[in-house]
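Let's take a stroll through a protein chain together. Have the sequence and the 3D view ready, and follow along as we go.

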Amino acid sequence: MVGRTRKTTRQFEKDKAAFFAQCKASHAVCWLCGMPIDYEATKNTSDDSFNLDHLYPVSKHPELQFDPAGFKPSHTSCNRLRGNSDPPAPIGTLSRQWIKTA
């Protein structure tokens, strides 16, 4: 990202802070790998620390950058590995329940 800076707004910063607080309070897991996030670590400082991800990459959809509906909790490392790829496609509906839950 040499020479590029993302623009931000006060509302975006408020929305990001509110999203982080909501995720921390509910112990939200990483939407990419499903594992717990270390909410005690300073944001973006370790592989397991919280990183705000966007459902659709900002590089491809800059018009959605400020939309809180697209915010997703992720690990810093998972977000970095995903890069600007499109959201992972869901597997779909299973045809049969293979694991018995009881």
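Where is His 27 found? Look in the loop between H1 and S1, and there it is. We'll come back to this residue once we know the surroundings. Keep in mind along the way that this is a predicted model.

## The overall layout

Start with the big picture. The chain has 2 helices and 2 strands, and reading along the sequence gives you the pattern α-β-β-α. There are 102 residues in the chain, and 27% of them count as buried.

What about the outside? The accessible surface of the chain comes to about 7600 Å², and carbon and sulfur atoms account for 56% of that surface. As for who touches whom, take the contacts in the chain with a separation of 6 or more: 64% of them involve residues 24 or more positions apart.

## Helix H1 and its two sides

Now zoom in on H1, which covers residues 10-26. This helix has 17 residues and reaches 25 Å from its first C-alpha to its last. That is close to the 24 Å expected at 1.5 Å a residue.

Which residues of H1 are buried? They are Phe 12, Phe 19, Phe 20 and Cys 23. These four cover an arc of only 100° around the axis, so they sit on the same side of H1. The buried residues of H1 pack against S1 and S2. Flip over to the face turned away from that buried side, and you meet the exposed residues Arg 10, Lys 14, Gln 22 and Ala 25.

Lys 24 is another resident of H1. Is Lys 24 buried, partly exposed or exposed? With a relative accessible area of 32%, Lys 24 falls above the 20% limit for buried and below the 50% limit for exposed, so this residue is partly exposed. Leaving out residues up to four places away in sequence, Lys 24 touches Tyr 39 and Glu 40. Lys 24 and Glu 40 are 16 residues apart in sequence, and their C-alpha atoms are 8.9 Å apart in space.

## Two strands side by side

On to the strands. S1 spans residues 50-54 and S2 spans residues 71-75. The two run antiparallel, with 5 bridges joining them. You can pick out some of the pairs yourself: Asp 53 stands opposite Lys 72 in S2, while the bridge partner of Asn 51 is Ser 74.

In a regular strand, side chains alternate between the two faces of the sheet. Check S1 for this: Phe 50, Leu 52 and His 54 point one way, and Asn 51 and Asp 53 point the other way. Why is S1 described as largely enclosed by the rest of the structure? Because 5 of its 5 residues are buried. S2 is largely enclosed too, since 4 of its 5 residues are buried.

## The nonpolar core

In soluble globular proteins, nonpolar side chains tend to be buried together. Which residues make up the largest nonpolar core here? It has 12 residues in all: Phe 12, Phe 19, Phe 20, Cys 23, Ala 28, Cys 30, Ile 37, Tyr 39, Phe 50, Leu 52, Phe 71 and Cys 78. H1 and S1 each supply at least two residues of this core, and the largest share, 4 residues, comes from H1.

Phe 20 is a good one to click on. Not counting residues up to four places away in sequence, Phe 20 touches Tyr 39, Lys 43 and Phe 50.

## Two residues with a positive phi

Back to the loop, as promised. Most residues other than glycine have a negative phi. His 27, which follows H1, has a positive phi of about 55° although it is not a glycine. At 62% relative accessibility, His 27 counts as exposed.

Asn 44 also has its place in the loop between H1 and S1. What is the phi of Asn 44 near? The value is near 65°, which is positive in a residue other than glycine. Asn 44 is partly exposed, with a relative accessible area of 45%.

How values were computed
Residues numbered from 1 in each chain as written. Predicted model: local features only at pLDDT ≥ 70, side-chain atom pairs only at ≥ 80, totals over all residues. Heavy atoms only, no water. Buried < 20%, exposed > 50% of the residue type's maximum accessible area, 1.4 Å probe, protein only. Contact = heavy atoms within 4.5 Å. Pairing = 2+ DSSP bridges. Core = buried A, V, L, I, M, F, W, Y, C linked by side-chain atoms within 4.5 Å. Expected span 1.5 Å × (residues − 1). Arc of directions from axis to C-beta. Areas by Shrake-Rupley, 256 points an atom, 1.4 Å probe, with all protein chains shown as cover.
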